[in-house]
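Biologist: Please take a close look at one small sheet in this chain. I would like to know how its strands are arranged and what lies against them.

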Amino acid sequence: MADNGFRELPVISAGPVAHGPTAGVPIIGIDLGTTNSLVAIVEADAAGTRVPRIIPARDGGNLVPSVVHFNADGQAEVGAAARRERVRDAAHTVYSVKRLLGRGIDDLKDIRHHLPFNLEESSASNVKLQVGARSYTPIEISAMILRELKASAEAYLGKPVEDAVITVPAYFNDSQRQATRSAGSLAGLNVLRILNEPTAASLAYGLQRKKNGLIAVYDLGGGTFDVSVLRLRDGVFEVLATNGDTQLGGDDIDHAIADWIESTIRSTYPQADYSGRDAKAALLDAAEKLKIELSEVATAAANVPLLPSSRQFDGGTRDFLATLTRAQLEKLSAPLLERTRKPVENALRDAGIALSELTDVVLVGGPTRLPMIRQFVEGLFGRVPNSSMHPDEVVAAGAAIQADILAGNNREFLLLDVVPLSLGIETFGGAMSKLVPRNTTVPTMAKEQFTTYVDGQTKVAINVFQGERELVKDNRKLAEFVLGGIPPLPAGVARVEVTFLVDADGILNVAAKELYSEAEASIEVKPTYGLTDAEVEGMLADGLSHAEDDKRAAQVVQARNDAQTTTTATEKALAEARHLLDETEAGVIDRLLASLKAKMVTHDAEAIRAANKALNDGTARLAELLMDHTLQKNVKNARASDMSR
């Protein structure tokens, strides 16, 4: 019991309580994104300066697609390999799961029809994703992505990783932050800090520029939009205000394009059916490709499979060529971009900052590479936005810098973040009494006294809410508990003191005490939608007990993926250059190829790798012949072209 009369309680929603950094163990920064995720660390460069570095994924790229695919054995693949299955095996592939974290079935009604997987309610977490014969919570899927990032970091560093800073959208509510922390715990990470994404981006930007100023961060990610206004002064980052929309992002542009594609196809082929999950995935895949291409070119095209509902299309047509221009994309996206205007205006008003006072506008998030978004932001702020840092990587870099600060290696910067949404309790009549207003700097503590409504009342219900509305029915309920043991006094005599503690992660703990009797109660604010302590502990125990089995299964998956790449390349090379081989050489390659395919259906990773190596070694001459043949053909074509001039 503390001297001030309220309990000091842990604020983690579920699983192990976070502890301080482990001595001698690196701390990583993680950007857990809707579309892609990244992991970074701060290292000393050749000059001894500590700089953030993006850690490459195990497949070599910087970005890890936030996609999980479950193969026929039920094993999870994460990242680029999983993304390739998004259309081929949509029923067993999950993506954009960040949009579901900490949200219930009612919260998702506006986007549910776009999702190519089924959602179901659960008493434990309110929403689960149906994947084949199994169901998973968004926390479990997110933990799988975090495990892959952890594994990439360990492979790069050559040592175990335990501690991490994980970023979230600034406008994530308490449930979403708690769910993110639970996912980190389930992935085997000690989550030292939940850091707002715009704050992380500003930290990376500030390290690069090292100057004072007022910065607006326009952060449009795959599934969320945030705008934050920060002051950088003598190494202190102070978040003045934040605003946003947790259901607005690049995914919504994809959905708008997908709807346009479907409408365009139906205008020619009314019988086309895109109600199935495979069809939805195909539309979204084509939409994303068009969006990405239009960031570089003025017109883009994508083939979309035609899916008949009852009869074949005339002429045997199987694909539809969808062609989209930048002008059309701008028209489709205009309503979505307009939705970002009001949050920007609100954030500037709350910060007490005029547009003319801003020194910089920083772009964050992959979608901001689109020229139309940069033009919109320029018009919105009246200045050319700064895009000098990679919009996909800047958040992870900032998370790594914060991790370096927590490790005691960087004392140049200090972060002062804010509560994104007001926190309070329900009072008589369903009113919302706000104890912690939005944009209050954290960590913070607030106290307020309340009283009883009827004579002889011996207990009161403490209902905790988050939101900006005046009535609790319009806000989000976070938790509830009962304070008993109150003396049976006349109405209005008892004094109940309610204390809110908000830690540096923006996560809440609540305590209540009746001052006359000293009766008290408190609660760890649990996420409204997440995993119970028992579920997380069970999963952690299950993960430990099956660690070796999981490791072996992962090795089999990796070996199969490598083998598939080799078989595909070999079959293509044989199709082009078999005539260059004699019958004996071709026969040897055929046997090696058949042997590898036979091994791929087994669960013996060593055998698969050995067969893969044998095929690679056995096709060395085929590769040489194919290269010579290609060079000769190119020379011949070049000569023919010269002669025709």
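Modeller: V68 has V78 in β6 as its bridge partner. This is a predicted model, and the pair is a good place to start reading the sheet. The strand β5 covers residues 67–70 and pairs with β6 over three bridges, in the antiparallel sense. A further strand joins them: the open sheet has three strands, in the order β6-β5-β7, with antiparallel pairing. Which strands stand at the edges? They are β6 (76–78) and β7 (93–95); each has a single partner strand, so one side of each is left without a neighbour in the sheet. On average, neighbouring strands here are turned by 20° against each other, with direction ignored.

Next comes the helix that meets this sheet. Helix α3, made of residues 138–157, lies across β5, β6 and β7. Relative to β5, helix α3 runs at about 105°.

The sheet and the helix belong to a chain with 16 helices and 28 strands. Of its 645 residues, 52% count as buried. Among contacts in the chain with a separation of 6 or more, 68% are between residues 24 or more positions apart. The chain has an accessible surface of about 28300 Å², and 51% of that surface belongs to carbon and sulfur atoms.

For a view of the surface, turn to Y453, in the loop between β23 (444–450) and β24 (460–466). Y453 counts as exposed because its relative accessible area is 52%, and the cut-off for exposed is over 50%. Together with F428 and V454, Y453 forms a nonpolar surface patch with about 350 Å² of accessible area.

How values were computed
Residues are numbered from 1 along each chain as its sequence is written. This is a predicted model: local features need pLDDT of at least 70, side-chain atom pairs count only at pLDDT 80 or more; totals for chains, interfaces and linings use all residues. Side-chain values use heavy atoms; hydrogens and water are left out. Patches are made of residues with over 30% relative accessible area and no salt bridge: like charges are joined within 9 Å, nonpolar side chains (Val, Leu, Ile, Met, Phe, Trp, Tyr) within 5 Å. Accessible areas come from the Shrake-Rupley method with a 1.4 Å probe; for residues, only the protein chains shown count as cover. A salt bridge is a side-chain nitrogen of Lys or Arg within 4 Å of a carboxyl oxygen of Asp or Glu. Helices (H or I, at least four residues) and strands (E, at least two) are DSSP runs, numbered from the N terminus. Buried means under 20% relative accessible area, exposed over 50%, partly exposed in between (1.4 Å probe, protein chains only). Contact means heavy atoms within 4.5 Å. Two strands pair if DSSP finds at least two bridges between them. Axes are lines fitted to C-alpha atoms, for helices over the stretch in contact, and angles run from 0 to 180 degrees between N-to-C directions.
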